[in-house]
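User: I am new to this structure and would like a close look at a single part of it. Please take me through the pockets and cavities, and then through the helix packing beside them.

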Amino acid sequence: MSGNKKYDIVALGEILIDFTPYGTSAQGNALLEVNPGGAPCNVLAMAAKLGAETAFIGKVGGDAYGRMLKGTAEAAGINTEGMLLDDSVFTTLAFVHLDESGDRSFSFCRKPGADTMLRTDEVREELVREAKIFHFGTLSMTDEPAKSATRSAAGLAKENGALISFDPNYRPLLWSGAKEAKEAMAWGFAQCDILKISDDELELATGEGNVETGAEQLAAQYPNIRLMFVTMGAAGCYFRFGELRGKSPAFPVKTIDTTGAGDTFMGCCLYEIARLGLEKLDKTKVEAMTIFANAAASLITTRKGAICSMPERVEILALMEQAR
């Protein structure tokens, strides 16, 4: 599907272990399931499931979890030539906390985590040059040297004609304060052609609680953003593309874990954008894209984990048919 470029989507950032609650032991102790995750790689896993050519750039520890993550990404169909194993640091670990509705919060073992230690000279530049779409988030900009590596790679991708895709993916515990996070978000906004942002992140960035008003405010400040998706959880998503505006609903499912839902949504959208190109999109295509993406995102909330839980196309279409 990649056309003139070798890869439809190349993502840079974190791949990590999500420890997800999995009941209690006979002794009454909490059990945790080891789930491979990390937003950029989640996006690639969904896109690869649909048939996209993908590649990941990042760093894990030279430990058992790091080797597991590399194998998991490869099994998901993601090129891992740009994924480094570093014996001097540990693989980043995230602990997922779920409330009664399946919504999640996180705590992290990341001081430092391997994902923050990717250096600019370790980025496989040939992967970046061969990307139709280059995707990243803010988590790779919380600490040096990964912050500089991220900015350098995004610049290289832009120089080589890639569409730039950005997801703020705000995690408060990984920042010294909201001010620093908002600065990183602003840098990403200024670079990207395609933006996926949650309603909470949009309010943080603009101070505006109304999604439509906030999206217009952000687009006016950053006219480079050609296509914007605002994800709204169980309410679905709002999109803005040129003069087009619209909403797509989520699908009613029994949610147990919302981890990776936004990434699944974005993986579906980037797959379609890589296939069609932004220039060929119209309201019908964007609406169809977001409905499909919402169905996929709804499905993954019925499962635990992300990379290994991405839905098949046939499952997504079946949910869409069921909801008609």
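**A pocket, a cavity and a helix pair**

Analyst: In this predicted model, the lining of the second largest pocket is made up of four nonpolar, three polar and four charged residues. Those lining residues are Ser 107, Phe 108, Arg 110, Lys 111, Thr 142, Asp 143, Leu 173, Leu 174, Trp 175, Ser 176 and Glu 180, and the pocket they line has a volume of about 200 Å³.

Turning to enclosed space, the structure holds one cavity of 30 Å³ or more, and the volume of the largest cavity is about 60 Å³. Its lining consists of 13 residues, with Glu 14, Ala 39, Pro 40, Gly 137 and Asn 169 lying nearest the centre. By class, this lining has five nonpolar, six polar and two charged residues. Both α1 (39-50) and β8 (131-137) supply at least two residues of the lining, and β8 gives the largest share, three residues.

The helix α1 also packs against helix α8 (residues 261-276), at an angle of about 50 degrees and with the two axes 7 Å apart. Angles that are neither under 35 degrees, nor over 145, nor from 65 to 115 count as oblique, and α1 and α8 are therefore oblique to each other. Their crossing is right-handed. On the α1 side the contact is made by Ala 39, Asn 42, Val 43, Met 46, Ala 47 and Leu 50, while α8 contributes Asp 263, Thr 264, Met 266, Gly 267, Cys 268, Leu 270 and Tyr 271. Sorted by class, this contact of α1 with α8 comprises nine nonpolar, three polar and one charged residues.

Technical notes:
Residues numbered from 1 in each chain as written. Predicted model: local features only at pLDDT ≥ 70, side-chain atom pairs only at ≥ 80, totals over all residues. Heavy atoms only, no water. 1 Å grid on protein atoms, 1.4 Å probe; cavity = no way out; pocket = protein on both sides within 12 Å on 5 of 7 lines; lining within 4 Å. Points joined across faces, edges and corners; volume = space filled by probe spheres on them. Helix = DSSP H or I, 4+ residues; strand = E, 2+ residues; numbered from the N terminus. Nonpolar A, V, L, I, M, F, W, Y, C, P; charged D, E, K, R; others polar. Axes fitted to C-alpha atoms, helices over the stretch in contact; angles between N-to-C directions. Left-handed = near helix turned anticlockwise from the far one by under 90°. Contact = heavy atoms within 4.5 Å.
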